[in-house]
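Please walk through the structure below, starting from its overall layout and moving on to its helices, its core and its strands.

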Amino acid sequence: MDKYELEELTEDLLIKAEKNLNVKLPDFYVELMRTQNGGRLYKNSIEISKMNVIVDHLLGIGSRGNEGILITPYMVKEWGLPNDIVLISGDGHSWFFLDYRQKKRSLAFPSQIQKKISK
């Protein structure tokens with residue numbers, strides 16, 4: 001069983017999640033979640049700046065605050081992450097997230113380890 005795969009995404013779940021997180025989720029993410037709402041990834045390694053990064057799952061759009069992307073507010077507080085983001089993958093030491101801090105949405109990969117080293 002895949003602990004990251006959630007129930008089928010409905011319009012109601014999408015509206016509630018966007019309202020709860022105070023964002024408009026990007027079409028590419030919503031369409032992907034309509035196909036499969038979160039879950040483990042078959043191809044789980046990508047190269048970013050000549051560094052091999054493991055992304056083993058994507059968070060879906062859940063109906064409760066402790067599942068999928070709705071866990072973002074808790075994790076922001078717990079890990080001291082920036083506000084105005086939506087987590088889509090990660091484990092506490094590194095995250096992939098949708099970055100809403102600028103007017104234009106972007107996908108970001110900041111590492112908690114890099115953050116500590118750069119201080």
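The chain folds into four helices and seven strands. Read from the N terminus, these elements follow one another as α-α-β-β-β-β-α-β-β-β-α. The model is predicted, with a mean pLDDT of 85 over the chain and 85% of the residues at 70 or more. Over residues 112-119 the pLDDT is below 50, and this stretch makes nine contacts in the model beyond near neighbours in sequence.

Some totals describe the chain as a whole. Of its 119 residues, 42% are buried. Among contacts between residues at least 6 apart in sequence, 46% link residues at least 24 apart. The accessible surface amounts to about 8,000 Å², and carbon and sulfur atoms account for 52% of that surface.

Helix 1 is a good place to begin. Its buried residues are Leu13, Leu14, Ala17, Glu18 and Leu21. Around the helix axis they span an arc of only 125°, which places them on the same side of helix 1. This arrangement can be read against the geometry of the α-helix: with 3.6 residues a turn, residues three or four places apart point the same way. The other side of helix 1 carries the exposed residues Lys16, Lys19 and Asn20. Ile15, also in helix 1, is partly exposed, at a relative accessible area of 48%; the cut-off for exposed is over 50%, and that for buried is under 20%. The C-alpha atom of Ile15 lies 9.8 Å from that of Leu25, 10 residues away along the chain. The buried residues of helix 1 pack against helix 2, helix 3 and strand 5.

Asn22 comes after helix 1, in the loop that leads from helix 1 to helix 2. The phi of Asn22 is near 55°, a positive value in a residue other than glycine. With 71% relative accessibility, Asn22 counts as exposed.

Helix 2 covers residues 27-35, and Tyr29, Val30 and Met33 are buried in it. Viewed down the axis of helix 2, the buried residues fall within an arc of 95°, so they line one face of the helix. Asp27, Phe28 and Thr35 are exposed on the face turned away from that buried side. The packing partners of the buried residues of helix 2 are helix 1 (11-21), strand 4 (57-58) and strand 5 (85-90).

Helix 3 can be described in similar terms. Here Thr72, Met75 and Val76 are buried. Down the axis of helix 3 these buried residues lie within an arc of 105°, so they line one face of the helix. The cover over them includes helix 1, strand 5 and strand 6. Gly80 follows helix 3 and has a positive phi, near 65°. In the loop between helix 3 and strand 5 lies Asp84, whose phi is also positive, near 65°, in a residue other than glycine. Asp84 counts as exposed, at 52% relative accessibility.

What encloses strand 5? Five of its six residues are buried, so strand 5 is largely enclosed by the rest of the structure. Strand 5 runs antiparallel to strand 6, and five bridges join the two. Leu87 has Phe97 of strand 6 as its bridge partner. The hairpin formed by strand 5 and strand 6 has four residues between the strands, and within this hairpin Gly92 takes a positive phi near 110°.

These elements come together in the largest nonpolar core, which has 30 residues. Helix 1, helix 2, helix 3 (72-79), strand 5 and strand 6 (95-99) are the elements that give two or more residues to this core. The members that touch the most other members are Leu9, Leu25, Tyr29, Ile61, Ile69, Val86 and Leu87. One of these is Val86, and its contacts can be followed in detail. Apart from neighbours within four places in sequence, Val86 is in contact with Leu21, Val23, Leu25, Ile69, Thr72, Phe96, Phe97, Leu98 and Tyr100. Of these contacts, Leu21 is a buried residue of helix 1, and Thr72 is a buried residue of helix 3.

Definitions and conventions. Residues are numbered from 1 along each chain as its sequence is written. This is a predicted model: local features need pLDDT of at least 70, side-chain atom pairs count only at pLDDT 80 or more; totals for chains, interfaces and linings use all residues. Side-chain values use heavy atoms; hydrogens and water are left out. Buried means under 20% relative accessible area, exposed over 50%, partly exposed in between (1.4 Å probe, protein chains only). The arc is that of the directions from the helix axis to the C-beta atoms. Contact means heavy atoms within 4.5 Å. A nonpolar core is a set of buried Ala, Val, Leu, Ile, Met, Phe, Trp, Tyr and Cys residues joined through side-chain atoms within 4.5 Å. pLDDT is the predictor's confidence in each residue, from 0 to 100. Two strands pair if DSSP finds at least two bridges between them. Accessible areas come from the Shrake-Rupley method with a 1.4 Å probe; for residues, only the protein chains shown count as cover.
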